[in-house]
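Here's a quick tour of a two-chain model, written for someone who likes to see where the contacts come from. Have the viewer open while you read.

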Number of protein chains: 2
Amino acid sequence: MAIRPVEQTIHKAAWLYYTHGMRQDEVAKHLNISRASVAMYLRKARETGIVTISTSSQLFTDGVLARELEDALGLDGVWIVPEDRSALDPAAEMPTVAATAFTEKISRGDRVGVAWGRTVYHIADVMPYVDLQDVTVVQLCGNLGAPYNYRPDQCTTEIARRLNAEGINLYAPLVLSSEELAAALMDEPVIREQLASISSCSLALYSVGGIEDDSHLVKCGALSAAEMQALGRAGAVGVMAGRLIDADGQLMDCSYNRRVISADLGSIRAIPKRMMVVEQAAKFLPLVAAIRGGLVSHLVVTTSMARRLLDHWNTGA
Amino acid sequence: MAIRPVEQTIHKAAWLYYTHGMRQDEVAKHLNISRASVAMYLRKARETGIVTISTSSQLFTDGVLARELEDALGLDGVWIVPEDRSALDPAAEMPTVAATAFTEKISRGDRVGVAWGRTVYHIADVMPYVDLQDVTVVQLCGNLGAPYNYRPDQCTTEIARRLNAEGINLYAPLVLSSEELAAALMDEPVIREQLASISSCSLALYSVGGIEDDSHLVKCGALSAAEMQALGRAGAVGVMAGRLIDADGQLMDCSYNRRVISADLGSIRAIPKRMMVVEQAAKFLPLVAAIRGGLVSHLVVTTSMARRLLDHWNTGA
DNA sequence: CACGGCAGCTGACAAAAGTCAACGACAGAG
DNA sequence: CTCTGTCGTTGACTTTTGTCAGCTGCCGTG
């Protein structure tokens, strides 16, 4: 591997400093370089995952509310991000919590699926640099056009980079203009194989989309506002990995869904750990649908969302 | 869980400092405590595994020699600790490398087996504090009497403590004075179950013992020097988890071995990752035997030992 | 062979973190 | 009610770390 002498020195510096607990000047003396270089190498070591510093996300799974939500909704893990305290901006906090929680759940050799959206991109952005070995990051849904700087392939690529993993992108548009073309493309071996491989993921990360006029699908032109409204009247309540789902979290039977290139919901349900991250309060109904539909096993939400979900389950269902 | 307000504060401080990258004085302001307290909390967080700082052990698996040894002996992982460079005391280095490598191999939910010896105790002593969840550490062999401060149960307990894991000790002597008593004890449900559970470990850590007059078994009186010499003439070359093995790494057929309470070699071979750590050059022959006998999948040795092994395999076998 | 550009290293200074003696709150004993 | 010991906290000081402008030496180019 790294016959690079510099890499070697970075490793040595990191080893002496972090594992042996030497001071930087001692490390410098050992390696016959200046202390300033040691400081620089150590920064590089942290940035490249040679050294990993991780904080337990227990803080957010600790409360009574989290436990109640797990029990009530039958989830395997719940992280609750407080909004009340003057502490920190919750908008900035949630992606960090999600990134930490997600990273904790990954083991070496895992294949992880990543969907797309503002939320997922924010998570990618604060994902810690770690050096997991043999991890593969696969893209769960096709790509969207230009207007966004958080396209599906970028989420995948960035997360793969941070985890020192292989990133596998899905080179296809998310939505095509005809069902025939979509079907034909889905039949292409490259695409077919990649989509088939999704059910062998051990972990997936996604958010859920709404069907309002400002939803991604409308904003990027995949559907017009009018079409979306019509679909809403027909029962659509949210978007999962680019596909419309109804109130029970089942795939809508509509032309749009047949024009989408993306993981099918069955494959997603087959993934053992399905981590859903929801930032906005407005996504309540889509979230409820996704949970009903078995698309969520691990959940990251705000305190208020957690309360709403709990109320809903205790009264409604 | 931790309703302890102090623990909570430690978590928060660690989160803000390590995950958000705040300075200590900023953290202090946020939590309304002094910066000195923050510094103290952070130390505690590191010591208890709330934050984990780990350095990749790649440095030691990188060389050509390590790769050659893997190929030649059919091992799954080799770490080589250099002695030559004026760098560091290799005696102090090897346990650190082993501890790091071992920790990297553990995943949550794993059951790990730990044997005993000076080497294993040194490893326990520098094992990093990490907060793996649902890990169980089981003792692979019975206990020895007083003269040692690195008894099997202490190795197990210490490693369990560092990993925040459950430690399961084997409450039985390593060697009994009659075969009958040993057989009866092995038949006790508690003992039998624990020994049976060993083959479900996913990971084991041990060293190999020699049969010289200064070996543990002789020094603690389990065997007299004369008996050991006789067994050596009969073909014994080393000690694995308290049992004598021959040059092929097979269990010796002798009374002593029938008086030992310990994991049997079959169970050990069934463990997917068997990490062997050898510090002393004198353990060459026992090590060769253990490798031959399929008792090693991951190996931590010095450069010179690695060379000797490679020579031996290229010429001899 | 001289020259510009570039990458990487260093020295010196500024910022941040570690340490510790002393202080204060609190509990239990007299 | 006061005294005393303990524990956790703090401000002030020291040590360690981060940073950055400038230096050095190397390589490709004219």
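## Where the two chains meet

A good place to start is the pair A:Ile53 and B:Ile53, which stand opposite each other, the latter in strand S1 of chain B. Keep in mind that this is a predicted model. The strands around that pair, S1(A) and S1(B) (residues 51-55 of chain B), run antiparallel and are joined by five bridges.

Zooming out to the whole interface, 38 residues of chain A are in contact with 38 residues of chain B. Together the two chains bury about 3,400 Å², and 57% of that sits on carbon and sulfur atoms. Who pays for the chain A part of it? A:Trp15, A:Thr55 and A:Leu59 supply 20% of the area that chain A buries against chain B, more than any other three residues.

What about polar links across the interface? The rule finds 10 residue pairs in polar contact between chain A and chain B, both partners at pLDDT 80 or more. Salt bridges between the two chains, on the other hand, number zero.

On the chain A side, helix H1 (5-19), strand S1 (51-55) and helix H5 (90-105) each bring at least two residues to the surface that touches chain B. H1(A) has the largest share, with eight residues. Sorted by character, the residues on that side of chain A come out like this:

| Residue class, side of chain A touching chain B | Count |
|---|---|
| Nonpolar | 15 residues |
| Polar | 14 residues |
| Charged | nine residues |

So much for the interface; now for the inside of chain A.

## The sheet in chain A

Chain A has an open sheet of seven strands with parallel pairing, in the order S2-S10-S9-S6-S3-S4-S5. Which strands sit at the edges? Strand S2 (77-81) and strand S5 (166-168) of chain A do, each pairing on one side only. On average, neighbouring strands in this sheet are turned by 15° against each other, direction ignored.

For a look at one pairing in detail, take strand S3 (residues 111-114) and strand S6 (residues 203-206) of chain A: they run parallel and are joined by three bridges. In that pairing, A:Val112 has A:Leu203 of S6(A) as its bridge partner.

One more element to find in the viewer is helix H15 (residues 303-315) of chain A, which lies across S2 and strand S10 (298-302) of chain A. The helix H15(A) runs at about 115° to S10(A).

Definitions and conventions. Residues are numbered from 1 along each chain as its sequence is written. Chains are lettered from A and ligands numbered from 1 in the order in which they are written. This is a predicted model: local features need pLDDT of at least 70, side-chain atom pairs count only at pLDDT 80 or more; totals for chains, interfaces and linings use all residues. Side-chain values use heavy atoms; hydrogens and water are left out. Contact means heavy atoms within 4.5 Å. Buried area is the accessible area (1.4 Å probe) that two parts lose on being put together, summed over both. A salt bridge is a side-chain nitrogen of Lys or Arg within 4 Å of a carboxyl oxygen of Asp or Glu. A polar contact is a pair of N or O atoms within 3.5 Å; within protein, one must be able to donate a hydrogen and the other to accept it, and residues adjacent in sequence count only if both atoms are side-chain atoms. Helices (H or I, at least four residues) and strands (E, at least two) are DSSP runs, numbered from the N terminus. Ala, Val, Leu, Ile, Met, Phe, Trp, Tyr, Cys and Pro count as nonpolar, Asp, Glu, Lys and Arg as charged, and the others, Gly among them, as polar. Two strands pair if DSSP finds at least two bridges between them. Axes are lines fitted to C-alpha atoms, for helices over the stretch in contact, and angles run from 0 to 180 degrees between N-to-C directions.
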